[in-house]
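Here are some short exercises to work through with the structure open beside you. Try each task before reading its solution.

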Amino acid sequence: MRARYGVPLGIAAAGAAGLVYAAGFEVRSFRLRRVTVPVLPAGMRPLRVLQVSDIHMVGGQRKKQRWLRSLAGLRPDFVINTGDNLSDPEGIPEVLDALGPLMDFPGAYVFGSNDYYGPKPRNPARYLLEKSAGRHGLNGNPPVTGVIHNPWEDLRDGFDAAGWLNLTNTRGTLKFEGVSVELTGLDDPHIKRDRYAQVAGGPSDNADFSMAVVHAPYLRALDSFTADGYPLILAGHTHGGQLCIPFYGALVTNCDLDADRVKGLSRHTAEGRTSYLHVSAGCGTNRYTPVRFACPPEVTLMTLVGRE
């Protein structure tokens with residue numbers, strides 16, 4: 001009996017232990033990633049940017065809320081929220097409360113699909129199938145039906161009331177301590193709400209520094225931003241792969257970005273130009289898949305410095 005059942009039972013036990021770790025510990029093991037990015041014009045003082053992404057707030061997530069509130073102690077120059085704040089239609093008050101201290105700083109935001117629509121139960125294996133077929137989100141898949149519509153307008157109004165810039169297919173400029181930062185944003189490419197023609201043309205000459213912001217790092221958005229000359233692009237959406245293989249990495253990105261750039265800082269090239277790309281692994285999960293493995297939840301504090 002031992003020879004016949006020992007190996008399967010061992011595999012089952014290891015799988016159960018991994019699930020307990022992924023759902024009980026790592027998903028709440030919040031981390032701060034720090035990275036330095038050489039993108040500023042020569043002579044400009046360093047800028048500290050806090051990127052928050054993919055909170056996916058569900059009612060009752062007190063530890064996540066406390067941790068987000070504590071980030072104000074980092075004293076960033078400005079905050080960028082790259083979307084997917086919700087995983088519960090009733091989670092908006094808790095999102096606004098958790099981000100309240102950060103909204104005392106200059107900031108800007110774009111929305112992701114989960115800000116507009118509530119999640120539905122989904123087989124995680126479908127992400128692998130969509131990857132193999134080259135289909136992601138509404139890009140190549142049939143239109144979604146029977147979705148839950150979130151009250152995203154309340155979230156928008158809360159951010160706007162705090163003075164954060166809404167970068168939905170538009171531009172805006174943050175001004176603080178004698179510095180001006182131009183921001184160009186897109187609505188979520190994952191659900192085909194991006195309208196690059198409305199923001200095309202590249203950085204203007206009216207700001208000290210310009211950068212681009214989008215929720216899902218689809219190649220069409222990255223190519224357009226890079227070709228237009230933005231030195232830095234911020235995105236989220238991927239959850240860093242969420243369920244990763246130790247010493248190997250992510251299997252999927254939930255978009256057409258390659259898995260090698262699923263999170264962290266990398267470079268993107270298009271039409272002979274190169275931009276820095278930072279993809280946040282985010283600090284939450286879809287409420288129906290509340291697990292992370294080899295990919296802790298995170299936010300990123302970026303220090304922008306002079307170009308090399």
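**Exercise 1.** Describe how helix H2 packs against helix H3.

Solution. Start with the geometry: H2 (residues 62-70) and H3 (residues 92-99) pack at an angle of about 35°, their axes 7 Å apart. Helices here are DSSP runs (H or I, at least four residues) and strands are E runs of at least two, numbered from the N terminus. Axes are lines fitted to C-alpha atoms, for helices over the stretch in contact, with angles from 0 to 180 degrees between N-to-C directions.

Next, find the residues in contact (heavy atoms within 4.5 Å): Arg62, Gln65, Leu68 and Arg69 of H2 meet Glu94, Asp97 and Ala98 of H3. Finally, sort them: two are nonpolar, one polar and four charged. In this sorting, Ala, Val, Leu, Ile, Met, Phe, Trp, Tyr, Cys and Pro count as nonpolar, Asp, Glu, Lys and Arg as charged, and the others, Gly among them, as polar.

This is a predicted model, where local features need pLDDT of at least 70, side-chain atom pairs count only at pLDDT 80 or more, and totals for chains, interfaces and linings use all residues. Residues are numbered from 1 along each chain as its sequence is written, and side-chain values use heavy atoms, leaving out hydrogens and water.

**Exercise 2.** Trace the open sheet and name its edge strands.

Solution. Follow the order S8-S9-S10-S11-S13-S12, six strands with mixed pairing; two strands pair if DSSP finds at least two bridges between them. The edges are S8 (170-176) and S12 (264-270), each pairing on one side only. Now look inside the sheet: S9 (residues 179-185) and S10 (residues 209-213) run parallel, joined by five bridges.
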